[in-house]
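Take a walk through this structure, one place at a time. Start with a single residue, then move on to helices, cores and rings.

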Amino acid sequence: MKEKLIGLYQLITGIFGAILLAFSIPKAIKVPEMLPLYLLGLALFVGVAYAGYALLNKLKHAVTISIWAQALQILGFSYSGVQYLFTGSAFLSLAYKGGFHIESQIAPIAYSISRISSMAPLEIKLFVIPLLFVWLLAKK
């Protein structure tokens with residue numbers, strides 16, 4: 001039952017993430033060096049949707065694929081001019097930005113793999129829902 005629920009969640013967030021990024025591609029085309037990053041994001045969200053589909057249909061290696069799809073979403077960071085943020089579960093995170101605190105937001109989809117100001121401070125986010133899903137899927 002837990003695999004069906006996680007699969008449904010992955011399918012929904014993967015589809016919505018892919019749709020949101022698909023609508024952003026016309027903006028990315030205007031800046032050619034951004035297009036590969038948007039296509040990467042699109043591929044990542046399609047991968048999450050496929051992981052959900054695989055869990056729902058009990059395909060071979062579905063649990064392993066889903067664990068990998070969720071593991072990629074656990075950690076977000078900004079460091080030394082680089083930002084990595086990819087999650088379909090941005091509701092709740094534990095964050096470090098000069099100190100530890102809990103962050104919550106309404107928007108569930110978060111994606112950014114980009115260069116940012118090298119003056120930006122170190123920021124690390126640990127997204128709770130993907131971490132919980134990895135634990136539930138790995139638990140027999």
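Begin at Ser 93, which sits in strand β3, residues 92–96. The model is a predicted one. Is Ser 93 buried or exposed? Its relative accessible area is 2%. Buried means under 20%, so Ser 93 counts as buried. Which residues does Ser 93 touch, once neighbours within four places in sequence are set aside? One group is His 101, Ile 102 and Glu 103. The other contacts are Lys 125, Leu 126, Phe 127 and Val 128.

Strand β3 also holds a ring to look at. A search of the whole structure turns up six aromatic pairs. One of them joins Tyr 96 and Phe 100. The pair is tilted, with 55 degrees between the planes and 5.0 Å from centre to centre. Tyr 96 is partly exposed, at 28% relative accessibility. Phe 100 is exposed, at 73%. Other rings gather elsewhere: Phe 45, Phe 86 and Tyr 111 make up one aromatic cluster.

Those three rings lead to the largest nonpolar core, since Phe 45, Phe 86 and Tyr 111 all belong to it. This core has 11 residues. Its other members are Ala 18, Leu 21, Leu 44, Val 48, Ala 51, Ala 69, Tyr 84 and Ile 113. Four elements each supply at least two residues: α1 (2–29), α2 (35–56), β2 (82–87) and β5 (110–115). Helix α2 gives the largest share, four residues. In soluble globular proteins, nonpolar side chains tend to be buried together.

Look closer at Val 48, one of the core residues. Leave out residues up to four places away in sequence, and Val 48 touches Gln 10, Leu 11, Thr 13, Gly 14, Ala 69, Gln 73 and Phe 86. A second core stands separate from the largest one. It has six residues, including Ile 6, Ala 54, Ala 62 and Phe 133.

Now follow α2 to its partner, helix α3, residues 62–74. The two helices pack at an angle of about 145 degrees, and their axes lie 9 Å apart. The crossing is left-handed. From α2 come Leu 44, Val 48, Tyr 50, Ala 51, Ala 54 and Leu 55. From α3 come Ala 62, Val 63, Ile 65, Ser 66, Ala 69, Leu 72 and Gln 73. By class, this contact has 11 nonpolar residues, two polar and no charged.

Helix α1 packs against helix α4, residues 128–138. Here too the angle is about 145 degrees, with the axes 11 Å apart. This crossing is also left-handed. Lys 2, Glu 3, Ile 6 and Tyr 9 of α1 meet Ile 129, Phe 133, Leu 136 and Leu 137 of α4. Which classes make up this contact? There are six nonpolar residues, no polar ones and two charged.

End at Tyr 38, back in helix α2. Tyr 38 is partly exposed, with a relative accessible area of 23%. Beyond residues up to four places away in sequence, Tyr 38 touches Leu 21, Ser 24, Ile 25, Ala 28 and Tyr 111. Two of these contacts, Leu 21 and Tyr 111, are members of the largest nonpolar core. Tyr 38 and Ile 67 lie 29 residues apart along the chain. Their C-alpha atoms are separated by 23 Å.

Terms used:
Residues numbered from 1 in each chain as written. Predicted model: local features only at pLDDT ≥ 70, side-chain atom pairs only at ≥ 80, totals over all residues. Heavy atoms only, no water. Core = buried A, V, L, I, M, F, W, Y, C linked by side-chain atoms within 4.5 Å. Buried < 20%, exposed > 50% of the residue type's maximum accessible area, 1.4 Å probe, protein only. Contact = heavy atoms within 4.5 Å. Axes fitted to C-alpha atoms, helices over the stretch in contact; angles between N-to-C directions. Left-handed = near helix turned anticlockwise from the far one by under 90°. Nonpolar A, V, L, I, M, F, W, Y, C, P; charged D, E, K, R; others polar. Phe/Tyr/Trp six-rings, centres within 6.5 Å; stacked < 30°, edge-to-face > 60°.
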